[in-house]
Amino acid sequence: MASSSSSSSDDLAASTIDLALEEKLAANALGGGNGGAEEEAAAWEIDLSKLSIRSVVAQGYHGTLFRADYGGHDVAVKVLDWGEDGYSTPEQIAHLRASLADLAAVWHSFEHPNVARFFGASMGTADLNIPANTTSSATAAGGGEQRNTGEKPPDRACCVVVEFLGGGTLKKYLIEHYRSKLPYGEVVRLALSMARGLSFLHANKIVHRDVKTENMLFLGGGGGGDLKIADFGVARVEARDPREMTGATGTVGYMAPEVLVGKPYNRKCDVYSFGICLWETYCCEMPFTFGRSVAEAPAAVAQRGMRPPIPPCCP
């Protein structure tokens, strides 16, 4: 009888342990802690309460870019909300959050003159203070009205904090030289900057997945200073199995054929995008604008092998 009682007690204890374990796993999956106790912060996690938001720089499909001060540093704060489109499932959002954490764990140790400096990231926005009526950089420069962007991001949103690069984008610089074009030496300088930054990322197993001239930023104005790769919103650590990386991620016009059709891909998709950037830098023109609409270009690239023509004067 005593043996039966002991067995029942053991079964009850085991069931209690299993239930506690399941509750802990469920809490972790939902972004909760370990039963109320504080977990040790990762080296890349940033204290959002130390950010002082100054202005809105841009708003995109999956988030908003702010300019802020962080301990005396001029920084850019990207607030990412993958659920804002209304199409992402909880599983997809969880996967994207996990990919960002993996990326941050690698990126926080990077130091390269052609890669935007990473200050940190946060997997939540609870401590992020966005003042109501935050000034838009564009309207502030033109003396326009302030934009009310003080609405707090949802809990599912994440934040990425990098150095602020105020020299403008490579795309803007190229548009300014549409008629005059760039000297060949300048084209080589810019191409080497992009190539070195991209090579560094790939050496550290990072796939950017949105390489384009709009994501290449100058440290100084007028095309001066270092040119750096920025905006790692869709970047991720390269998967060992290419089949884990599928889906049309990036910007039409720069996306590799295999990405456009949803096939597995790897870092080579960035190399294709770099080639488009190189063409754009030499020609100072937009790719795939010769007699075709933006909607027609993907099919022409993926199915008919269309590429930007090499200019006859190109060395």
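Helices (H or I, at least four residues) and strands (E, at least two) are DSSP runs, numbered from the N terminus. The structure is a predicted model, in which local features need pLDDT of at least 70 and side-chain atom pairs count only at pLDDT 80 or more, while totals for chains, interfaces and linings use all residues. Residues are numbered from 1 along each chain as its sequence is written, and side-chain values use heavy atoms, with hydrogens and water left out.

**Loop residues with positive phi**

R209 is found in the loop between β7 (206–207) and β8. Its phi is near 75 degrees, a positive value in a residue other than glycine. Most residues other than glycine have a negative phi. R209 is buried, with a relative accessible area of 13%; here buried means under 20% relative accessible area, exposed over 50%, and partly exposed in between (1.4 Å probe, protein chains only).

K181, in the loop between α4 and α5, also is not a glycine and has a positive phi of about 65 degrees. K181 is partly exposed, at 28% relative accessible area. In addition, K181 lies over the face of Y178, at 5.0 Å from the ring centre. A charge is taken to sit over a ring if NZ of Lys or CZ of Arg is within 6 Å of the ring centre and within 35 degrees of the ring normal.

**Aromatic pairs**

The structure holds 5 aromatic pairs. Rings of Phe, Tyr and Trp (its six-membered ring) pair if their centres lie within 6.5 Å; planes under 30 degrees apart count as stacked, over 60 as edge-to-face and the rest as tilted. Two of the pairs are set out below.

| Pair | Centre distance | Plane angle | Class |
|---|---|---|---|
| W107 and F118 | 4.4 Å | 25 degrees | stacked |
| Y173 and F218 | 5.3 Å | 70 degrees | edge-to-face |

The stacked pair links distant parts of the chain, with W107 in helix α2 (residues 90–107) and F118 in strand β4 (residues 118–122), 11 residues apart. W107 counts as buried at 3% relative accessibility, and F118 is buried at 8%. Together with F232, W107 and F118 form one aromatic cluster. The C-alpha atom of W107 is separated by 8.8 Å from that of G120, which lies 13 residues away along the chain.

The edge-to-face pair likewise joins distant parts of the chain: Y173 belongs to helix α4 (residues 170–176) and F218 to strand β8 (residues 216–218), 45 residues apart. Both Y173 and F218 are buried.

**Helix α5 and its surface patch**

Y184, V188 and L192 make a nonpolar surface patch of about 260 Å². Patches are made of residues with over 30% relative accessible area and no salt bridge; like charges are joined within 9 Å, nonpolar side chains (Val, Leu, Ile, Met, Phe, Trp, Tyr) within 5 Å. A salt bridge is a side-chain nitrogen of Lys or Arg within 4 Å of a carboxyl oxygen of Asp or Glu. Accessible areas come from the Shrake-Rupley method with a 1.4 Å probe, and for residues only the protein chains shown count as cover. L192 is found in helix α5 (residues 184–203) and is partly exposed, with a relative accessible area of 37%.

**Helix α7**

Helix α7 (residues 268–283) has 16 residues, which at 1.5 Å a residue should span 22 Å; its end C-alpha atoms are 23 Å apart, which agrees. The expected span is 1.5 Å times one less than the number of residues. The helix is mostly covered, as 12 of its 16 residues are buried. Among them are the aromatic residues Y272, F274, W279 and Y282, and also C269, C277 and C283.
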